[in-house]
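Got your viewer open? Load the model below and keep the selection box handy.

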Amino acid sequence: MKANIESFEWLTKNTFFMKVKPEERVDFKAGQFMMIKAGGNEKPFSIASFPGEETIDFLISVHPDGTVTPKLAKMKKGDALEIGGPYGVFTVRDTTAKEIVFVAAGTGIAPFRSMIMDALQRFPKKKIKLMFGFRENFYFEKYWRELEHSYGNFKLCLCCSAPKGGWTGRAGRVTACLEEEIKDAKDKEVYVCGPPQMVQDTRETLEKRLGFGHEKIHVEKW
Ligand SMILES: Cc1cc2nc3c(=O)[nH]c(=O)nc-3n(C[C@H](O)[C@H](O)[C@H](O)COP(=O)(O)OP(=O)(O)OC[C@H]3O[C@@H](n4cnc5c(N)ncnc54)[C@H](O)[C@@H]3O)c2cc1C
C-alpha cells in the first residue's frame, strides 16, 4: 500500500525518525514490523508508534553501502513510499512473571516504544524496566522520561558506551550491566532487540550466568 511521509527528522548523522501516513488503515500489534520498499528492494522495519496513533513511525539507521536504507535516507516530507504488513510475532505475551525487562541497543529501541506502553497498560502491577545501550543518542528521551514520571512501576537503566562529561548513568555496553541490574531469573521475563552480536551476548548472559530458561527470553535481531 502507499504511504506518505508526514515528517522526516535526522536524530544523529546516520539515524532518522520518520512518520508515515498509510492510505489504508493498518491494524498492528505493538512490536510488529512493516516491510518498506525502496529502489526495487524491501526490508523490515519495526513500528515505533502505538496502535491507533495517526501515523506509523520508524527509527532507521542508514547502512551507507546497503540496498534500502541509503535510498530511504534521500526521502523527505511529502514523498510517497510503498509499505507492506504488518508482520511479526515479537509482541508482549501474557505472563505470570512479576517483572518484564526490555533490553535494547541502538535502533533496537524502536519496537519497545510501543511494546512498553502496551505492557504498562496491560500490567499495572508488574515491574517494567527498559535497559538501553547507546553511544551518542538516547532516542525518544522525552517520551521515556515522561513514562517514568507517570508510571511508578516503570524504570529506566541507561548504559552509554561513549560517555562524555556530565554523564551520571552507567558507562559501558548494555550487555555488561545485565548481571548487576537483573541479578537473577526469578519471576522475570526478558525481551531483547538489537544487532545480532548484542542479542547473542545478552542471551548467553541471561541463560548461562543468570539461569533464564529459553522460554523466558524473547528476541528480535537485525
Ligand atoms: C524484524 C526486523 C525489524 C527491523 N527493524 C529495524 C528498525 O526498526 N530500524 C532499523 O534501522 N533497522 C531495522 N531492521 C534492519 C533492516 O531491515 C535492514 O536489514 C537494515 O536497515 C539494512 O538494510 P539495507 O538494505 O540498507 O542494507 P543491506 O543491503 O542489507 O546491507 C546492510 C549492511 O550489511 C552489509 N552486507 C549486506 N550483505 C552482506 C553480506 N552478504 N556479507 C557481508 N556484509 C553484507 C552491507 O555492506 C551493509 O553494510 C530490522 C530487521 C528485522 C529483521
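Here's a tour in a few stops, from the domains down to single residues.

**Stop 1: the two domains.** Keep in mind as you click around that this is a predicted model. Start by colouring 2-87 and 99-221 separately: the domain assignment makes the former domain 1 and the latter domain 2. If you drop a pseudo-atom at the C-alpha centre of each domain, the two should sit 23 Å apart. Their contact draws on 14 residues from domain 1 and twelve residues from domain 2.

Now stay on the domain 1 side of that contact. Select strand S1 (2-12) and strand S5 (56-61), as each of them supplies at least two residues to the side that touches domain 2. Which strand gives the most to this side? That's S5, with four residues. Colour this side of domain 1 by residue class and you'll get eight nonpolar and six polar residues, with no charged ones.

**Stop 2: the ligand.** Next, select the ligand and show what surrounds it. There are 20 residues around it, and the ones that come nearest are Lys43, Gly66, Val68, Thr69 and Trp222. For the secondary structure, highlight strand S4 (41-46) along with S5, since each supplies at least two residues of the shell. By class, the shell has nine nonpolar, eight polar and three charged residues. Keep your domain colours on here: domain 1 and domain 2 both give residues to this shell, so the ligand lies between them.

**Stop 3: a helix pair.** Move on to helix H4 (residues 174-182) and helix H5 (residues 196-209). Their axes are 9 Å apart and the packing angle is about 20°, so the two helices are roughly parallel to each other. The crossing of H4 and H5 is right-handed.

To see the contact itself, show side chains for Thr175, Leu178 and Glu179 in H4. They meet Met198, Asp201, Thr202, Thr205, Leu206 and Arg209 in H5. The residues of this H4 and H5 contact divide into three nonpolar, three polar and three charged.

**Stop 4: two backbone details.** First, zoom in on glycine 85 and proline 86. Is the peptide bond between glycine 85 and proline 86 cis or trans? Check omega: the bond is cis, with omega near 10°. Proline 86 belongs to strand S6 (residues 80-87).

Then jump to phenylalanine 140 and read off its phi. The value is positive, about 60°, although this residue is not a glycine. For context, show strand S8 (127-134) and helix H3 (141-150) as well: phenylalanine 140 is in the loop between S8 and H3.

Methods: Residues are numbered from 1 along each chain as its sequence is written. This is a predicted model: local features need pLDDT of at least 70, side-chain atom pairs count only at pLDDT 80 or more; totals for chains, interfaces and linings use all residues. Domain bounds come from an automatic or database domain assignment. Two residues are in contact if their C-beta atoms, placed from the backbone, lie within 7 Å. Ala, Val, Leu, Ile, Met, Phe, Trp, Tyr, Cys and Pro count as nonpolar, Asp, Glu, Lys and Arg as charged, and the others, Gly among them, as polar. A residue is near a molecule or strand if its C-beta atom, placed from the backbone, lies within 6 Å of it. Axes are lines fitted to C-alpha atoms, for helices over the stretch in contact, and angles run from 0 to 180 degrees between N-to-C directions. Angles under 35 degrees count as roughly parallel, over 145 as roughly antiparallel, 65 to 115 as roughly perpendicular and the rest as oblique. A crossing is left-handed if the near helix is turned anticlockwise from the far one by less than a right angle, and right-handed if clockwise.
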